[in-house]
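User: Could you take a close look at one metal site here and walk me through it? I'm in my first year, so keep it friendly.

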Amino acid sequence: MSELRYQLDLLKAMNQKLTEKERIYTKVCESADGAFLYCDPVENRVCALGRWKEFFDFDISETKEFALLLELVEESGLLSLQELLFLERTGEESRTTECRLKGKRAWFRFRAQVYYDREGIPTDKVIYIDNITKMRSQNEELAYMAYYDNMTGLYNRNYFVRLLGEYVKRAEDSNSIISVMTVDIDGFRKVNDSLGIVAGDELVQQFGCFIKELCGEGIIACHLHSDVYCIAIYDPAGNRSAEFLYRAIQKRVKDPFRLISGQELRITVSAGVAEYPEAGVSALELVNCAEIVGANSKELGHNTIQYFNAPVMDDLLNSIELENKLKKAVYDQDFFMYYQPQYYTGNKRLRGVEALIRWRDEDSRMISPATFIPVAEKSGTIIPIGKWVVEESVKQYAAWKAQFGFPFIMSINISALQYKREDFVESTINVLKKYRVRPAEIELEITESVLIDDFEAVSEKLNQLREYGIRISLDDFGTGFSALSYLRKLPIDTLKIDKSFIDNVITDSASRVITESIINMVKSLGYESVAEGVEDEQQYQYLHATGCDVIQGYLFSRPLPPEEVEGMLNTSL
Ligand code: C2E
Ligand code: CA
Ligand code: CA
């Protein structure tokens, strides 16, 4: 009797141990982010664990029910999922695949692991299923942003310039011609002023859709900015010429554009045409040239098409009043520098300052660098200005370090033309040597436009600067051609997220998705992230929570004259 009792107790204890283990396994599975399918390949039994019920609305207990799962996924992923679900038939040990659900945005990753016994007979199989929708949509969003303009669905400026660069290479080899035409809506500002920005945007979008219809073999188009579009035609002739396309556009705009509000808008357009090789031999030159010719055609009166011609172009450039003033300012050295502090997001300690140029013209008006830098770039005046900026900022930094003793980072904006100079690397390093400044304390800010024209040559120079120890930062990220594959190859340390995203992170979920994916991507690449134009506490809190490293913006400080920076450095000592 006591023997029986003993056996019974033993059995009970063993059972308890088993349920205890089962409880632990179940808990572990439940705490995972994904779902598990445990499969018994011999009995064809399946057991669903973890988040299966959250992911799919059917139970599963046998391998033949895999058919239900296969019914859910999109055609493109079907075959690889099928192979994965029956992986033991291939004799493989593990495999991973990603599938999208039919008609949904949802994406799942499946990972199978098969266990075999010594004879190679499959004994167990575990399939782990992960919901990767968020990651996938972030990547898709970033990829889209890299090539397209959000508003019109046309290519964005930078990607267009890159494609045009490929046209140029082809034309070089085959002695072909390329027409580049800018198209601009006459009196667009009036539309915005009288009907509001929403109506203006709608017009830009509808007109952009029409421009898209003109594209095809050897014809590409982009939305340059505001109400300006650009079309490039490879080997133009007959119904594939700028003249022909302009007439097609004229025909379209004879009919009004109908807005959602029911309002009808009649517009006229002007165009400017520049051709390779006559007007320019690089993509950027051609686009700039077509833009200037287009702007001139507006001055001549609306509703016209204007073609590039060299003497007219020279006159045009020289007649620009701002340009002359600029040249005088360079001569008189009428520029000065402001510095805007940047702070680490976590502890709000000073990371460094960005040097921003200021210009007060002879009438004592402050002219914004956003206005005069592009003019200086078009005419080449940026070269002496840029040289002065580097020298002035490095000199200022050396003085501050001597006075206050502690190091920080001085960020300096460098324009594309400066990089193209043969002696850029050497002359920059020489300035650092002259003022005995350590390279790690200087950061150069570049924009993506620097890279699209000639990636190899520019990255070579950037590499030389980095080898010397100077930091490189990619400015205005997100506004142009930000292809991920590109980003990985870039020799940079820091990436600055453009203000246009920061402006909208609180109100717009799409901007949040993009900002978060940029920050995550920057982290995974090992770069530092800086958010620009942070104006309020909510934006700061959000960026802090999202893991952005550095903050710059009016919330903490506007750009300051040097004496105010000194006041600030005094108090942070
Ligand atoms: P950026 O490099 O993107 O510089 C940031 C701009 O954002 C600065 O305008 C700065 O004053 C402004 N900003 C900073 N925080 C806020 C904010 O919270 N709210 C708002 N609304 N704006 C903020 P700034 O100084 O007018 O410069 C405009 C652009 O001109 C710069 O844009 C840069 O591209 C160019 N630039 C300025 N200085 C230089 C220079 O020395 N060399 C070159 N090549 N370009 C320069
Ligand atoms: Ca900058
Ligand atoms: Ca910027």
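Analyst: Before we start, one term: a donor here is an N, O or S atom within 2.8 Å of the metal, with 3.2 Å allowed for Na, K and Ca, and water is not among the atoms, so sites may look incomplete. Also keep in mind that this is a predicted model.

Let's begin with the calcium ion (ligand 3). Its protein donors come from Asp475 (OD), Asp476 (OD) and Glu532, which is listed with OE twice, and they lie 2.1 to 2.7 Å from the ion. Read along the sequence, those donor residues are spaced D-D-x55-E. Asp475 and Asp476 differ in how covered they are: aspartate 475 counts as buried because its relative accessibility is 6%, under the 20% cut-off, while aspartate 476, at 27%, counts as partly exposed.

Now for the neighbour. Aspartate 475 also coordinates the calcium ion (ligand 2), and the two ions are 4.0 Å apart. So who else holds ligand 2? Besides Asp475 (OD), the calcium ion (ligand 2) has Glu354 (OE), Asn413 (OD1) and Glu445 (OE) as protein donors, at 2.1 to 2.3 Å. Along the chain, the pattern is E-x58-N-x31-E-x29-D. Asparagine 413 sits in strand β16 (residues 409-413) and glutamate 445 in strand β17 (residues 442-446), so this pair ties together parts that are 32 residues apart in sequence. Asparagine 413 is partly exposed, with a relative accessible area of 27%, whereas glutamate 445 is buried at 1% relative accessibility.

Conventions
Residues are numbered from 1 along each chain as its sequence is written. Chains are lettered from A and ligands numbered from 1 in the order in which they are written. This is a predicted model: local features need pLDDT of at least 70, side-chain atom pairs count only at pLDDT 80 or more; totals for chains, interfaces and linings use all residues. Side-chain values use heavy atoms; hydrogens and water are left out. Helices (H or I, at least four residues) and strands (E, at least two) are DSSP runs, numbered from the N terminus. Buried means under 20% relative accessible area, exposed over 50%, partly exposed in between (1.4 Å probe, protein chains only).
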